[in-house]
Amino acid sequence: MGILSQLSILHLLWAAMVFCQYEDYDFEDEYDGEPNHQYPYYFNPNTQAEVPRFPFPVECAKECFCPPAFPLSMYCDHRKLKTIPNIPNHVQQLYLQNNDIEAVPAGPFTNVTFLREINLSHNKIKFHMIDHGVFAKLSNLVQLHLQHNELEEVPFPLPSSLERLLLGSNQISRLSGNSLEGLPNITMLDLCNNLLDDSVLKGKPFSNMKNLMQLNLCNNKLQTMPPDLPSSLMYLSLENNSISYIPENYFNRLPKIIALRMSHNNLQNIPRNTFNLPNLLELNLGHNKLKQVFYIPRSLQHLYIEDNDIEIVNVTLMCPSIDPMNINQLTYIRVDQNKLTNPISTYAFFCFPHIRAIYYGEQNVSANKSTQLRIPVFRRFLTPEEYHEAEHDHETHDHETEEDHEAEDNYFHPY
C-alpha cells in the first residue's frame with residue numbers, strides 16, 4: 001500500500017505540472033530568446049487533447065528549447081533555422097516563428113499526435129512548398145500562425161479542429177474553391193495585408209463558417225463589402241481598402257457585431273440607419289470622405305470619424321429621440337481633421353449623457369489652412385487623475401507616427 005500511495009502522489013504531481021503549463025508564466029529568466037508579441041489565446045479546457053500517460057517523455061529537438069515549466073511546448077523561434085526539426089510526439093505547442101524556413105514537409109510531423117498550436121510566422125514559406133495534407137493530419141490542431149510569409153494561396157486541406165487561422169502579410173490573391181471549406185470550428189480568420197480583391201470573394205468563401213467571430217480583411221484591394229458573412233461575426237476589420245459604399249441593409253444579418261473598423265476607405269455617404277446594431281460598441285470610420293454623420297446605436301461607446309469632410313455634426317441625425325429608459329452609451333468621439341468651425345451642439349449632452357471626451361484637434365477649414373477650435377479637447381466629469389491621464393494620452397498621440405497607427409489597427413484586441 002505504501003508504494004502504491006507514493007505512485008499515486010507522483011502521478012497527481014505530474015498531472016498538476018501539465019495543467020499549470022497553461023497558466024500565465026514568465027520564463028524570461030530561463031529563456032533569453034526574443035519575446036513573442038502575438039496576442040494571447042486561451043485554450044478551452046473542454047477540448048484539451050489527451051496527453052501521453054506517465055512517465056512523461058522529456059525529449060526535445062537539439063535545435064530548440066523545451067522549458068521544464070512547459071513540458072508540452074517546444075521553442076525553436078529566432079534561431080535562423082532553414083528546415084523544421086523533428087518534433088517529439090508529445091509536443092502540443094510548436095514555436096518556429098522568425099526563422100528562414102522555406103518549406104513545410106510531412107516528415108517532421110509524421111509521429112505528431114497531440115499538436116494543438118503551430119507558429120510558423122515570419123518565415124519564407126511559399127504555397128507550393130507545403131506538402132499536401134501536412135496540416136490536415138493534425139486532428140487536434142486549433143491554432144495555426146502563417147502570417148508574414150510568401151504564400152500565394154491559403155494552404156489546404158486544413159483540419160476541421162482548427163479555431164484560429166492567421167494568414168496576414170502574405171501575397172494571397174486567390175482563394176480556391178475548397179481552401180476554406182470543412183472548418184466548422186473556425187472563430188478567427190486573419191487575411192490582412194494580402195492581395196484580395198472583389199472577384200476573389202464572389203464565391204462567398206466565409207458563408208459556411210458558422211462560428212466565425214473575427215474576420216480581418218484590412219489592407220487588401222476590396223472595393224465593395226464582402227458578401228454573405230456569417231451571422232456569428234462580432235469583429236470585422238476592413239481598414240485600408242477602397243470601399244466606397246455600404247448597402248443600406250448590409251448589417252441586418254450581422255446583429256452580433258461589436259466592433260467595426262473601416263478607416264482609410266472611400267466612403268462618402270452612409271445610409272441613415274446603416275449602423276442600427278444592438279451590440280455595436282466601437283465604430284471607426286476615420287480617414288474617409290464623409291460629409292455628414294448618421295444614426296448612432298444606443299449601445300455605441302466609441303466613435304471615430306476623424307479626417308473626413310464633415311462641416312457640421314448634426315446631433316439630431318445621430319440621436320433622433322431621447323429615451324430615459326434606454327440611454328445612449330456613447331462616451332468618446334474623435335472628430336479632428338474635419339471642416340468644423342464650431343463645437344458640437346450642447347444638445348449632444350442630452351442625447352449622450354455619458355460623453356466623457358470629444359477630441360476636436362485641428363480642423364481643415366480650407367485646402368491650405370488648418371485651424372483649431374477654441375476647445376481642442378472637450379472633457380466632462382473627469383476626476384483630476386483621469387484628466388492628467390487623458391492629457392498624457394493625447395501628448396503620446398501627438399508623437400505617434402502613421403506606421404504606429406497602422407500596426408495598432410491591424411488587429412482587434414478582444415482576446
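**Briefing: disulfides, salt bridges and aromatic pairs in a predicted model**

At 77% relative accessibility, Lys62 counts as exposed (exposed means over 50% relative accessible area, buried under 20%, and partly exposed in between, with a 1.4 Å probe and protein chains only). This is a predicted model, in which local features need pLDDT of at least 70 and side-chain atom pairs count only at pLDDT 80 or more, while totals for chains, interfaces and linings use all residues. Residues are numbered from 1 along each chain as its sequence is written, and side-chain values use heavy atoms, with hydrogens and water left out. The structure holds 8 salt bridges, 4 disulfides and 7 aromatic pairs.

**Salt bridges**

- Lys62 meets Glu63 in a salt bridge with an N to O distance of 3.7 Å (a salt bridge is a side-chain nitrogen of Lys or Arg within 4 Å of a carboxyl oxygen of Asp or Glu).
- Glu63 has a relative accessible area of 29% and is therefore partly exposed.
- Asp100 and Lys124 form a salt bridge whose closest N and O atoms are 3.7 Å apart.
- Asp100 belongs to the loop between β2 (93-95) and β3 (117-119), and Lys124 to the loop between β3 and β4 (143-145), so this pair ties together parts that are 24 residues apart in sequence (helices, H or I, of at least four residues and strands, E, of at least two are DSSP runs, numbered from the N terminus).
- Asp100 is partly exposed at 23% relative accessible area, and Lys124 is partly exposed at 37%.
- Arg174 forms a salt bridge with Glu153, with the closest N and O atoms 3.0 Å apart.
- The pair of Arg174 and Glu153 links distant parts of the chain, 21 residues apart: Arg174 is in the loop between β5 (164-166) and β6 (188-190), and Glu153 is in the loop between β4 and β5.
- Arg174 is partly exposed at 42% relative accessibility, whereas Glu153 is buried with a relative accessible area of 13%.
- A network of salt bridges links Glu306, Arg334 and Asp336.

**Disulfides**

- Cys60 and Cys66 form a disulfide with their sulfur atoms 2.1 Å apart (a disulfide is a pair of cysteine sulfur atoms within 2.5 Å).
- The link of Cys60 and Cys66 is right-handed, with 80° about the S-S bond.
- Cys60 is partly exposed, with a relative accessible area of 30%, and Cys66 is partly exposed at 21% relative accessibility.
- Cys64 is joined to Cys76 by a disulfide with an S to S distance of 2.0 Å.
- The S-S torsion of Cys64 and Cys76 is about 105°, so this disulfide is right-handed.
- The pair of Cys64 and Cys76 links distant parts of the chain, 12 residues apart: Cys64 is in the loop between α1 (2-20) and β1 (73-75), and Cys76 is in the loop between β1 and β2.
- Both Cys64 and Cys76 are buried.
- Cys319 is joined to Cys351 by a disulfide with an S to S distance of 2.3 Å, and this link is left-handed, with -85° about the S-S bond.
- The pair of Cys319 and Cys351 links distant parts of the chain, 32 residues apart: Cys319 is in the loop between α3 (315-318) and β12 (332-334), and Cys351 is in helix α4.
- Cys319 is buried at 2% relative accessible area, and Cys351 is buried at 2%.
- With bonded cysteines counted along the chain, the disulfides follow the pattern 1-3, 2-4, 5-6, 7-8.

**Aromatic pairs**

- Tyr250 and Phe251 have ring centres 5.0 Å apart and planes at 85°, so the pair is edge-to-face (rings of Phe, Tyr and Trp, the last by its six-membered ring, pair if their centres lie within 6.5 Å; planes under 30 degrees apart count as stacked, over 60 as edge-to-face and the rest as tilted).
- Both Tyr250 and Phe251 are buried.
- Phe275 and Phe294 have ring centres 5.3 Å apart and planes at 65°, so the pair is edge-to-face.
- The pair of Phe275 and Phe294 links distant parts of the chain, 19 residues apart: Phe275 is in the loop between β9 (259-261) and β10 (282-284), and Phe294 is in the loop between β10 and β11 (302-304).
- Both Phe275 and Phe294 are buried.
- One aromatic cluster is formed by Tyr250, Phe251, Phe275 and Phe294.
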